Structure formats: structure tokens, C-alpha cells
Amino acid sequence: MSGKPVCVADYEEYAKKVLPKSVYDYYQSGADDQETLADNVAAFSRWKLYPRMLRDVSVMDLSTSVLGQKISMPVCVGATAMQRMAHVEGEMATAKACQAMGTGMMLSSWATSSIEEVAEAAPTGLYWLQLYIYKDREVTKSLVKRAERAGYKGIFVTVDTPFLGRRFDDVRNKFQLPPHLRLKNFSSDDLAFSSGKDFGENSGLAAYVAEAIDASVKWEDVKWLRGLTSLPIVAKGILRADDAKEAVKNGVNGILVSNHGARQLDGVPATIDVLPEIVEAVEGKVEVFLDGGIRKGTDVLKALALGAKAVFIGRPLIWGLVYQGTEGAKEVLQMLKEEFRLAMALTGCRRVEEIDRTLIRRDQVLVSKI
Ligand SMILES: Cc1cc2nc3c(=O)[nH]c(=O)nc-3n(C[C@H](O)[C@H](O)[C@H](O)COP(=O)(O)O)c2cc1C
């Protein structure tokens, strides 16, 4: 890249150059052979757009809502852990960027800034807490209660991580948090991932998850969470229609179709490919969101055309943070917004509600007879 970045890949190229290798590897990696990592992005190309012409797109409105909260565009920031490795201000910079752009931010349980610090950094921002269910239910409950007190507007409970997926580079690098950082939502050194423990020949984070996160979690635990808070709850990490129905039965207000940025189970489908069946399964009872592989405006439009209410970005935001903290994160969000605006205009949509299923079809794939 020479000069100003013009697409998400340019920001990533810059980040790769300046970040310590183990940090870049942590942010970039997918699980195992990273087949799903590549497919999350590639799958968008298998869906083709069928634009409508001559619809007067001189005036447009990109705004929408998520769980009843108005946002300026259907692109929000998903939970990515440990953002202070990307920029000194970490999650606080992300919060300021999201506030400035009028969109929402999902804060990771494993943030390097606390729930309260983030809310204070950008006090009129819109926040949701991503929740891991810890073996210690008092710890889990206190995260939810703190989010409520700090004015967060929802809980995204991650359902795809009883154990951490195996990311080869993190194993090779024996990934740990740099010693000056800790997971700020926790007071004990063990839960803050800052004990300086020797995790042997493993990714430190994988060992942390095995120790702290509850692998016995079941649908009943979602019911438990439902009883704990009146905040909207979204199940993050659903890839099957039957699981989506089960989530609705257990009282969630939304489904986030996600494969955790391809970091958990390799070999699962790209999220855009399973979105239609999940939208169909929930029959409009709850909002459906998507993350995974969103890198440009047409990706956003395709997800909305297939029924997502909004999308979340993971890595692209990190690359923006590395580039220039709040300003870099804002740039990435602004770029996606402008790309999405153009995609809407060129498909003849003035408002987000006009993006519908007729705009998109799966590419015809020729299957040869064996
Ligand atoms: C570096 C990194 C850290 C992540 N941390 C978390 C996390 O703490 N909790 C969680 O539920 N998902 C986490 N995710 C998954 C994201 O929330 C999201 O599902 C994924 O990044 C979307 O894919 P994308 O990166 O292709 O946009 C993480 C993803 C990345 C890349």
C-alpha cells in the first residue's frame, strides 16, 4: 500500500507491517487450516446482486435500529478481545469512533478496558456486552449487572466457545497478553489473564478458557440468563435453524449468525450461506444479525438482502485501530458506510427497508455427475 488506505485490505496490510508478529497472528488467525476463514470472505462472491434501475436515489437514508435502538447504518462493531494490543487507547478509542459514527459497539468480556471505562469514554454511545459464561456464576452475573448499571442496551451471549478453537499460530507463539495489560473486567490475576503463568506448549488463551469458561453450558443456562436481566439477549454463534429455534424458545431477543470469525470450528459454512435458513426458521419472531467476512459495502447489502437486520465487523475495526486509534476506527466505519451507500444507490434502494430478497441470488454452480 502506498498513500492513504482505500479499502479494508489496505488497513490490514499496514497492521501486518507494524504489529508484533504474535499480536497480528492473534487478531488475524482462524482455527486449524483456516478453511472457513477464507470461505467467510469468498462466500459473498457466490451471491450475485440483481439491481433495480431508475428509482431516484438522490436522497437516501441508511439508518436502522438494533434491538430497538436507532443507529446511523446497519454496520456495528462486534466483540474483539484485547484491543489495547492494537492501540494504547484500545476499546476506549473504539467507543469514541462508534459514538462519532452513530453506531453501536459490542464490548468483549475479555476487553482490556472495563465495562465502565468504555461507557465513560464516550458517554452517549450505544453499547452491548458480549458475555462468556464463566464456571463461577457469580462472576458471570456481576458482568451482567455491571453492564446494566453502566447503561448497556443488551447482552450478546457467546454460545460457540465451550473450549477455544485451535489456532496454530497462537499455539506456536504460546500467545499471552503483554505484561502491561490485563482483562480489565476482572479483579483476580487469574481471571484477568495476567498471572504470568507458564501455560507450557499451548496458547495461553486456550488454557485460560479451559480453566475459567464453563464447558457444561446448556440451553437451560440461557434461561438462567433470561431470568437474571431484563436487557435484550442475543445468542451469538448460531449456525443451524434448529439451534435458532431453541434460542427463541429460551427467550432470546436476537440471533447473531456467526462462526466466531472462523476461530472456533474449522469446516463450518460461511455465515452468509446459512443466514437464509436461519432467517426462515425464526419466522420474524426475533432480529437476526450476521458477522464474519464483512469487508465491503456490497457484503453488508447482501446480508441485509438475505434477511439480516444489521451486521457486525470484527477484524476490519482492529486494523483501523492499529492505523490511527479513534480516527482510524472511524475511517474504517466511514468507508464501509460510503461503500454501503453506493451499493444501495446502485441497487435502487433509498432506504434500508427497500433492501429485499429479490435483489440477490445464489450463483448457479455446475455440479458434475460423478
Ligand atoms: C481478534 C478477535 C478477537 C475476538 N474476540 C471475541 C470475544 O472476545 N468474544 C466473542 O464472542 N467473539 C470474539 N471474536 C469474534 C468476533 O466477535 C466476530 O464474531 C468475528 O470477528 C467476525 O468476523 P470478522 O473478523 O471476519 O469480521 C473475536 C474475533 C477476533 C478476530
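Mentor: A pocket is an open set of grid points with protein on both sides within 12 Å along at least five of seven lines. In this predicted model, the space in the largest pocket comes to about 560 Å³.

Trainee: Which residues make up the lining of the largest pocket, and what puts a residue on that list?

Mentor: A lining residue has an atom within 4 Å of a grid point. For the largest pocket 27 residues qualify, and Val159, Asp160, Thr161, Pro162 and Gly237 are the ones nearest its centre. Helix H9 (219-228) and strand S8 (233-238) are the elements that give two or more residues to this lining.

Trainee: What is the make-up of that lining by class?

Mentor: There are 15 nonpolar, seven polar and five charged residues. Gly counts as polar and Pro as nonpolar, so Gly237 falls in the polar group and Pro162 in the nonpolar one.

Trainee: What can be said of the second largest pocket?

Mentor: Its volume is about 220 Å³. Helix H1 (8-18), helix H3 (35-45) and helix H13 (315-346) each give two or more residues to its lining. Among the lining residues are Cys7, Glu12, Gln28, Arg295, Lys296, Arg315, Trp319 and Glu339.

Trainee: Why does the lining of the second largest pocket have five charged residues?

Mentor: Asp, Glu, Lys and Arg count as charged. Glu12, Arg295, Lys296, Arg315 and Glu339 are on the lining list, and therefore they make up the five charged residues. The rest of the lining is six nonpolar residues and one polar.

Trainee: Why is the site of the ligand called a cavity?

Mentor: In a cavity a 1.4 Å probe fits but cannot get out. The ligand sits in the largest cavity, which means that more than half of its atoms lie within 2 Å of the grid points of that cavity. The volume there is about 430 Å³.

Trainee: What lines the largest cavity?

Mentor: The lining has 30 residues, with Ala79, Thr80, His260, Arg263 and Gly314 nearest the centre. H2, strand S11 (310-313) and H13 each supply at least two of them, and the largest share, three residues, is from H13. By class the lining has 13 nonpolar, 11 polar and six charged residues.

Trainee: Which residues are closest to the ligand?

Mentor: Ala79, Ser108, Thr158, Asp291 and Arg295 are the closest of the 23 that surround the ligand. Helix H2 (21-28) and H13 each give at least two residues to this shell, which has eight nonpolar, 10 polar and five charged residues.

Trainee: What makes the pair between the ligand and Ser258 a polar contact?

Mentor: The cut-off is 3.5 Å between N or O atoms. An oxygen atom of the ligand is 3.3 Å from a side-chain N or O atom of Ser258, so the pair qualifies. Two other pairs also pass: a backbone N or O atom of Gly293 at 2.9 Å, and a side-chain N or O atom of Arg295 at 2.8 Å. The protein buries 99% of the 600 Å² that the ligand exposes when taken alone.

Trainee: How many cavities of 30 Å³ or more does the search find?

Mentor: There are two. The second largest has about 40 Å³ of space, and its lining is Asp190, Phe193, Ser195, Lys197, Phe199, Tyr208 and Glu211. Three of these residues are nonpolar, one is polar and three are charged. Tyr counts as nonpolar, so Tyr208 joins Phe193 and Phe199 in that group.

Note on methods:
Residues numbered from 1 in each chain as written. Predicted model: local features only at pLDDT ≥ 70, side-chain atom pairs only at ≥ 80, totals over all residues. Heavy atoms only, no water. 1 Å grid on protein atoms, 1.4 Å probe; cavity = no way out; pocket = protein on both sides within 12 Å on 5 of 7 lines; lining within 4 Å. Points joined across faces, edges and corners; volume = space filled by probe spheres on them. Helix = DSSP H or I, 4+ residues; strand = E, 2+ residues; numbered from the N terminus. Near = heavy atom within 4 Å. Polar contact = N/O pair within 3.5 Å; in protein donor to acceptor, adjacent residues only side chain to side chain. Areas by Shrake-Rupley, 256 points an atom, 1.4 Å probe, with all protein chains shown as cover.
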